[in-house]
Amino acid sequence: MPTMIKSMMEGTVVSIQIFFLTLIFAIPLGLILTSGRMSKNIVLRTITKWFLLIIRGTPLMLQLICVYFIPGMLSAAWFGKSVSLNRFTAAVVALAINYAAYFAETYRGGIEGIPLGQYEASKVLGYTKAQTFFHIIIPQVIKRILPAMANEVITLVKDTALVQIIGVIELMYVAKTQSSALFSTVPLFVAGIFYFVMNGIVSSCFNYIEKKLAYYK
Amino acid sequence: MKEIITVKHLEKSFGVNEIIKDISFDVKKGEVLGIIGPSGSGKSTILRCLTQLEKVTNGTIEICGRTLVQNGVYSSKEELRNIALSLGMVFQNFNLFPHYSVLKNVTEPLLRVLKKSKAEAEKTAFELLEKMNLTGKANSYPCELSGGQQQRVSIARALALKPNVLLFDEPTSALDPELTGEILSVIKDLANEKMTMIVVTHEMSFARDLCNKVIFMDGGVIVEQGDPNDVISSPKEERTKLFLKRFNR
């Protein structure tokens, strides 16, 4: 029993690492994708639009497999030597791209929801475009997209379980192995509790921020 | 008196839609110009062209001795920015920044645009809030205020940057009659201080009593302009008479 909990804790640490690294990369990458999606340049806009469609329109599991295997296959074909990302890195890259695509569309929704008058007032007051974006628009966007972001981040906690498809040993993988080894469903049940607790923490964080920003409408 | 705004042969189209067709007028220092007319006649578009929220299609605009646009050709970016800073604008929907307190709505532009110190900005802000009868509201947020109070904050915000001309785009159209009176008396005080203003309004008695000059617009042209008593109380043109029929009854 203690060994089971211990190895599940180790798996949880991997899951949490993947979770945080994905967020750290996906949050800014999403903003870059949004600026491409909302760009005045039609080529850039169209490319980004299709990229977002493909990423959001194909299974995350397939994307994990592609990111892990395709670099090796291509390098083998071109240079005769197979070079590939390690499993953990591939997992973070695939998840970050996938979540950035979803974040990008959420950001876009938030930005488009800001009334035009906010831009006009800023312009007439003499704000530069950058000042308007960072001081007037972004703070209001954050408040607006918080509920949608909470949803996506909660999903991310559970999606970290998918990285076992490329052999990353994380919580769900450990739970499955333990379950077969012990011939018991208890490890699976424990894993469920672990995910539930992690998401409890995530959603109380979001509730806290939402309350913090409730001072204005 | 010196012209502070000169507009010559201003034209503005959106695609094939001509909103303003060849409009010329001027505003002298300390004058209050009223622009009246039916909705969609191009009144607000004039203010939006002056404040660079819209690009003119053709014409010349001079503001405070600087050329904004000459025969449809705009001046350098730097010149445009200087001109923009000499104008203040008050919107129909206030457009306050909801995430800032009343005080911050007034101080932030001073800090970010004019690079004033915090102490200086707050001093200016408190003076203006007192003038607008909002001293007790400095730490409130716009969503906690009435429409009239919000509009007074937005007037304070515009005045803080010390513009040479203050433009009002239907400042009372979103307000009930009581709050409308509140805002009109603020504008009246500003007029007594010889603030140069252009006011787009549907408040006819206000335009008649307060403005030095009134323009009546319809379909993108100036139908009639001149002394408010002439234009509003005894209009010459049929279109003006028709528009003011209910008011002059």
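Which element gives the most to the lining of the largest pocket? That's H2(B), with five residues.

Before we look around, some ground rules. This is a predicted model, where local features need pLDDT of at least 70, side-chain atom pairs count only at pLDDT 80 or more, and totals for chains, interfaces and linings use all residues. Residues are numbered from 1 along each chain as its sequence is written, chains are lettered from A in the order in which they are written, and side-chain values use heavy atoms, leaving out hydrogens and water.

**Chain A**

Let's start with the fold. Chain A has eight helices and zero strands, so its pattern along the sequence reads α-α-α-α-α-α-α-α. Here helices (H or I, at least four residues) and strands (E, at least two) are DSSP runs, numbered from the N terminus. Along the principal axes, the C-alpha atoms of chain A fill a box of roughly 70 × 50 × 25 Å.

**Open and closed spaces**

Now for the gaps. On a 1 Å grid over the protein atoms alone, a cavity is a set of points where a 1.4 Å probe fits but cannot get out, while a pocket is an open set with protein on both sides within 12 Å along at least five of seven lines. Lining residues have an atom within 4 Å of a point. Grid points are joined across faces, edges and corners, and a volume is the space filled by probe spheres set on the points. For the classes, Ala, Val, Leu, Ile, Met, Phe, Trp, Tyr, Cys and Pro count as nonpolar, Asp, Glu, Lys and Arg as charged, and the others, Gly among them, as polar.

| Space | Volume | Nonpolar, polar and charged lining residues |
|---|---|---|
| Largest pocket | about 1400 Å³ | twelve, eight and nine |
| Second largest pocket | about 550 Å³ | 22, two and no charged |
| Largest cavity | about 50 Å³ | nine, one and no charged |

The largest pocket has 29 lining residues, and the closest to its centre are Lys40(A), Tyr119(A), Lys123(A), Thr128(A) and Lys129(A). Helices H1 (2–37), H5 (116–125) and H6 (129–159) of chain A each give two or more residues to this lining, as does helix H2 (77–85) of chain B.

In the second largest pocket, Leu23(A), Ile27(A), Met149(A), Val153(A) and Phe206(A) lie nearest the centre, out of 24 lining residues. The elements giving two or more residues here are H1, H4 (87–112), H6 and H8 (186–212) of chain A.

A search of the whole structure finds one cavity of 30 Å³ or more. Its lining includes Val124(A) and Leu125(A), along with Ala84(B) and Pro163(B). Strand S7(B) supplies the largest share of that lining, three residues.

**Where the chains meet**

How many residues of chain A are in contact with chain B? There are 18, and they touch 25 residues of chain B, with contact meaning heavy atoms within 4.5 Å. The two chains bury about 2000 Å² between them, 60% of it on carbon and sulfur atoms. Buried area is the accessible area (1.4 Å probe) that two parts lose on being put together, summed over both.

The rule finds one salt bridge across this interface (a side-chain nitrogen of Lys or Arg within 4 Å of a carboxyl oxygen of Asp or Glu). Glu120(A) forms a salt bridge with Arg48(B), with the closest N and O atoms 2.6 Å apart. On chain A's side, H5 and H6 each give two or more residues, and H5(A) has the largest share, eight residues. By class, that side has eight nonpolar, seven polar and three charged residues.
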